[in-house]
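The exercises below are meant to be worked with the sequence and the coordinates open side by side. Try each task before reading its solution.

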There are 2 protein chains.
Amino acid sequence: MCPYELYYWPGIQGRGEFIRLALEEGAAPYVDVARRPGGMKKMLKMLSGDGLALAPFAPPFLKDCDLVIAQTANILSYLAPRLRLGAADDKRSALEREIQLTITDLVAETHDTHHPIAASAYYEDQRAAARKRSEVFVSERIPKYLGWLEKILERSGGPFLLGRRLTYVDLSAFQAVAGLSYAFPHAMARLTRRIPELLALRDRVAARPRIAVYLASNRRLAFNEQGIFRHYPELDSSKRGGA
Amino acid sequence: MCPYELYYWPGIQGRGEFIRLALEEGAAPYVDVARRPGGMKKMLKMLSGDGLALAPFAPPFLKDCDLVIAQTANILSYLAPRLRLGAADDKRSALEREIQLTITDLVAETHDTHHPIAASAYYEDQRAAARKRSEVFVSERIPKYLGWLEKILERSGGPFLLGRRLTYVDLSAFQAVAGLSYAFPHAMARLTRRIPELLALRDRVAARPRIAVYLASNRRLAFNEQGIFRHYPELDSSKRGGA
């Protein structure tokens, strides 16, 4: 047995956080490699493809003994049956992946609110486009994504997205709501009455014993303006969005 | 037994094409629902969530008897063992999904070259931002993505991305290269010498008997400027990209 090794940029929650939440809830032994001494060097070496047939395109990636896999939703799907955070049968796991991949799209769109032109350039150099993209994101996209999750919760019979048992997608929905609430507090405040089930799910996840311990620990990084969920007040439109 | 039902916007290849290619290569009986009389109405009804516990967020989605699943990479992962286009074991299928999801990211970035501000607005209304985003896409992102696929092919021992057997990710790599070559012919011409293995894979896939028949049929739609891979000459920079 080897502990799971998670590789992700130190200093931000980012996409790595979705995996951290699963590892924590699953009580899995893991090492957050790049946050340890010498870890960044190790991560960059693996990213360069050193010795790997399939080098990750980008962090996060996970090492499980001799297997190295990338892509957040893929890592979660792989971990799910191992951590009892998802189904082993392929029809149920396809439904879990469907929700996770839609959250993946939401996360990518969130990133592009502050980097609509180039991920490789500074926010300050794409601020005008960022403002325009964020207006659309706040008025159209956040309500569409979160409304979709709300509807799933209404129909699942609860208390979780896929019914009676918690799966990794519930942890990811928590993280998406937490991140959006940090980045777009005004926009999210306006949505409160439209997503009661989703907010209740967020609270339910935050109160789970292992998650509560994790969130209070120094393993949980704070949101900040180097991550994906960034609070730039000028992007958090105070105009009323949607109809 | 019921035939697979694919739901996708009629008139464009788009994300649906990755699934069509798998169904064609797998010789699977399928119905391309929205291209049939009354099909659009049926698709919109399902999108509205009528009778479904988990309504798709967006097309494409697949119906397999009583199961309805969305998200391109997820649909392909589900079909893979059924169509003998991928592994049944979870470690191999995680590697397939990793490649597919990276192609998914490339496809999303391609879409955003012409819609960097809002998917819901006209290209003509976001042309200035589109030009800026495309410059970065052509000079940084296309070389990075296709270079990554090239390296995987070099190391796999060939002739396919994951070794000796064709999987659905080879079909998707073909489609990505075909789409980028349509949309960005100048940029792709400049890359030719850097991705010989990938171009050989494209040709190998195009020459497969079932794929060749499909590509010559009227089931294969032409690329056009309503799809994801659009040819706008002003976005296909003639400047030399990369270093």
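Two strands are taken as paired if DSSP finds at least two bridges between them. The model used throughout is a predicted one.

**Exercise 1. Find the residue in strand 4 of chain A that is the bridge partner of A:Phe61, and place this pair in its sheet.**

Step 1. The bridge partner of A:Phe61 in strand 4 of chain A is A:Ala70.

Step 2. Strand 3, residues 61–64 of chain A, is joined to strand 4 by 4 bridges, and the two strands run antiparallel. With at least two bridges required for pairing, these strands count as paired.

Step 3. In chain A, 4 strands make up an open sheet with the order 2-1-3-4 and mixed pairing. Strand 2 (30–32) and strand 4 of chain A are at the edges and have a single partner strand each, so one side of each lacks a neighbour in the sheet. The average turn between neighbouring strands of this sheet, with direction ignored, is 20°.

Step 4. Across strand 1 (4–7) and strand 2 of chain A lies helix 1 (residues 16–25), which runs at about 160° to strand 1.

**Exercise 2. Describe the interface of chain A and chain B, beginning with how many residues of each are in contact.**

Step 1. On chain A 45 residues are in contact with 45 residues of chain B.

Step 2. The two chains bury about 4,100 Å² between them, and 56% of this area is on carbon and sulfur atoms. Of the area that chain A buries against chain B, 19% is supplied by A:Leu54, A:Phe57 and A:Ile117, more than by any other three residues.

Step 3. Between the chains there are 4 salt bridges; one of them links B:Asp112 to A:Arg133, whose closest N and O atoms are 3.2 Å apart. Residue pairs in polar contact, both at pLDDT 80 or more, number 28 between chain A and chain B.

Step 4. The side of chain A that touches chain B receives the most from helix 5 of chain A, namely 12 residues. By class, this side holds 23 nonpolar, 8 polar and 14 charged residues.

**Exercise 3. Inspect the backbone of chain B: which residues does a cis peptide bond join, and which residue has a positive phi although it is not a glycine?**

Step 1. B:Pro59 and B:Pro60 are joined by a cis peptide bond with omega of about 0°, and B:Pro60 lies in the loop between helix 2 (39–47) and strand 3 (61–64) of chain B.

Step 2. The peptide bond from B:Gly158 to B:Pro159 is also cis, with omega near 0°; B:Pro159 belongs to the loop between helix 5 (127–156) and helix 6 (168–183) of chain B.

Step 3. B:Ala27 is not a glycine, yet has a positive phi of about 55°, and its place is the loop between helix 1 (16–25) and strand 2 (30–32) of chain B.

Conventions:
Residues numbered from 1 in each chain as written. Chains lettered and ligands numbered in written order. Predicted model: local features only at pLDDT ≥ 70, side-chain atom pairs only at ≥ 80, totals over all residues. Heavy atoms only, no water. Contact = heavy atoms within 4.5 Å. Buried area = accessible area lost by both parts, 1.4 Å probe. Salt bridge = Lys/Arg side-chain N within 4 Å of Asp/Glu carboxyl O. Polar contact = N/O pair within 3.5 Å; in protein donor to acceptor, adjacent residues only side chain to side chain. Nonpolar A, V, L, I, M, F, W, Y, C, P; charged D, E, K, R; others polar. Axes fitted to C-alpha atoms, helices over the stretch in contact; angles between N-to-C directions.
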